[in-house]
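Here are a few exercises to try with the structure open in your viewer. Have a go at each task before reading its solution.

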Amino acid sequence: MHIALQRGSLCRRVNKGEGEMESKSFVQELEASNQIQLAQLGEVTTLVGEGGPPVDIVRLLKIALANEISVSELAAAWMPSTAEWDVKITLAQQAGDEARHFQLVETRLGQLGVSLADFTPPADNPLFAYLRGLQTPIEKIAAGQFTLESLAYKVNESFIQYCEHFGDQETAKLYRTLIQPDEMHHHRLGKMLLEKYATTPETQRLAREAAAKQSPIVQADPFSRNAGEATKTNGTR
Ligand SMILES: [Fe+2]
Ligand SMILES: [Fe+2]
């Protein structure tokens, strides 16, 4: 079940002062900036067309499991330190959605004959350690729902193409029909919350910096230990 957050109730116009930008304009600017960052990350998010042998889809699905449980846990961990009810409920919704993604991927691995009897939840990698350290709601929204979910969507698109290219239509269908709509929903919830809360120069600065700091972490160590397992991919979500 999705929490119905009405765009109209969340958007707030502000009186523009010196250095102050209307929140919607700010979010559009941040979206454009993120798209530039994502384009620069293309090298680590593109799977199809790489030289060499294909990356094992099962191995990528195991990475997906690690990322799904990490994001679910991150959203849940952010809840107690978040006073704003709409942000708190969005985090709760996301934690549940990511847990469902874990179960969907687990089921798919089972269909492929893969047992998860020895699976253990991963420790924080540098990206999740950075995200877990964010304190304010505006930083969590900007870095989490708004930016990380956008990255996840792009990585998943690449993974879908990869699966289709190598004939795994079932996994591609799983991601296209069930997982990707949720990831886009998470990003859009982040966008609506940013439009509500990024209304001052200070909150906009916090949001901009929290989003921007992710890119070098991902570039340096795409989803940490997962990078080594999956060549140039930063793992599916
Ligand atoms: Fe997910
Ligand atoms: Fe998500």
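How are H5 and H8 oriented to each other: roughly parallel or roughly antiparallel?

Before the solution, some housekeeping. This is a predicted model, where local features need pLDDT of at least 70, side-chain atom pairs count only at pLDDT 80 or more, and totals for chains, interfaces and linings use all residues. Residues are numbered from 1 along each chain as its sequence is written, while chains are lettered from A and ligands numbered from 1 in the order in which they are written.

**Exercise 1. Work out the orientation of H5 and H8, then look at what lies between them.**

Step 1. Start with the geometry: the axes of H5 and H8 are 11 Å apart and the packing angle is about 170°. Axes are lines fitted to C-alpha atoms, for helices over the stretch in contact, and angles run from 0 to 180 degrees between N-to-C directions.

Step 2. Apply the cut-offs: under 35 degrees is roughly parallel, over 145 roughly antiparallel, 65 to 115 roughly perpendicular, and the rest oblique. H5 and H8 are therefore roughly antiparallel to each other.

Step 3. Pick out the contact residues (C-beta atoms, placed from the backbone, within 7 Å). H5 brings residues including Asp-86, Thr-90, Gln-94 and His-101, and H8 brings, among others, Leu-178, Asp-182, His-186 and Leu-189.

Step 4. Sort this contact by class: 7 residues are nonpolar, 5 polar and 4 charged. Here Ala, Val, Leu, Ile, Met, Phe, Trp, Tyr, Cys and Pro count as nonpolar, Asp, Glu, Lys and Arg as charged, and the others, Gly among them, as polar.

**Exercise 2. Describe the chain's overall make-up.**

Step 1. Count the elements: the chain has 11 helices and 0 strands. These are DSSP runs numbered from the N terminus, with H or I over at least four residues for helices and E over at least two for strands.

Step 2. Check burial: 42% of the 237 residues are buried. A residue is buried if 20 or more other C-beta atoms lie within 10 Å of its own, exposed if 12 or fewer, and partly exposed in between, with C-beta atoms placed from the backbone.

Step 3. Look at contact range: of the contacts with a separation of 6 or more, 82% link residues 24 or more positions apart.

**Exercise 3. Find the largest nonpolar core and the residues with the most contacts inside it.**

Step 1. The largest core holds 50 residues, and Ile-141, Ala-142, Leu-194 and Ala-207 have the most contacts inside it. A nonpolar core is a set of buried Ala, Val, Leu, Ile, Met, Phe, Trp, Tyr and Cys residues joined through C-beta atoms within 7 Å.

Step 2. Helices giving two or more residues to this core include H2 (23-40), H4 (57-78) and H9 (201-212). H7 provides the largest share, 13 residues.

Step 3. Zoom in on Leu-194: leaving aside neighbours within four places in sequence, it contacts Ser-23, Val-27, Ile-141, Ala-142, Phe-146 and Ala-207.

**Exercise 4. Describe how H7 packs on H8, then place Gln-145.**

Step 1. The axes of H7 and H8 come within 8 Å and cross at roughly 160°. That makes H7 roughly antiparallel to H8.

Step 2. By class, the contact of H7 with H8 splits into 18 nonpolar, 10 polar and 5 charged residues.

Step 3. Gln-145 sits in H7, and Gln-145 is buried because 26 other C-beta atoms lie within 10 Å.

Step 4. Not counting residues up to four places away in sequence, Gln-145 touches Thr-90, Gln-94, His-186, His-187, Leu-189, Gly-190 and Leu-193. Gln-145 and Leu-189 are 44 residues apart along the chain, with their C-alpha atoms separated by 7.1 Å.

**Exercise 5. Is Leu-116 buried or partly exposed?**

Step 1. Locate Leu-116: you'll find it in the loop between H5 and H6.

Step 2. Count neighbours: Leu-116 has 13 other C-beta atoms within 10 Å, so it is partly exposed.

Step 3. List its contacts: Leu-116 touches Glu-106 and Leu-109, not counting residues up to four places away in sequence. The C-alpha atoms of Leu-116 and Lys-62 are separated by 9.0 Å, with their positions 54 residues apart along the chain.

Technical notes. Contact = placed C-beta atoms within 7 Å.
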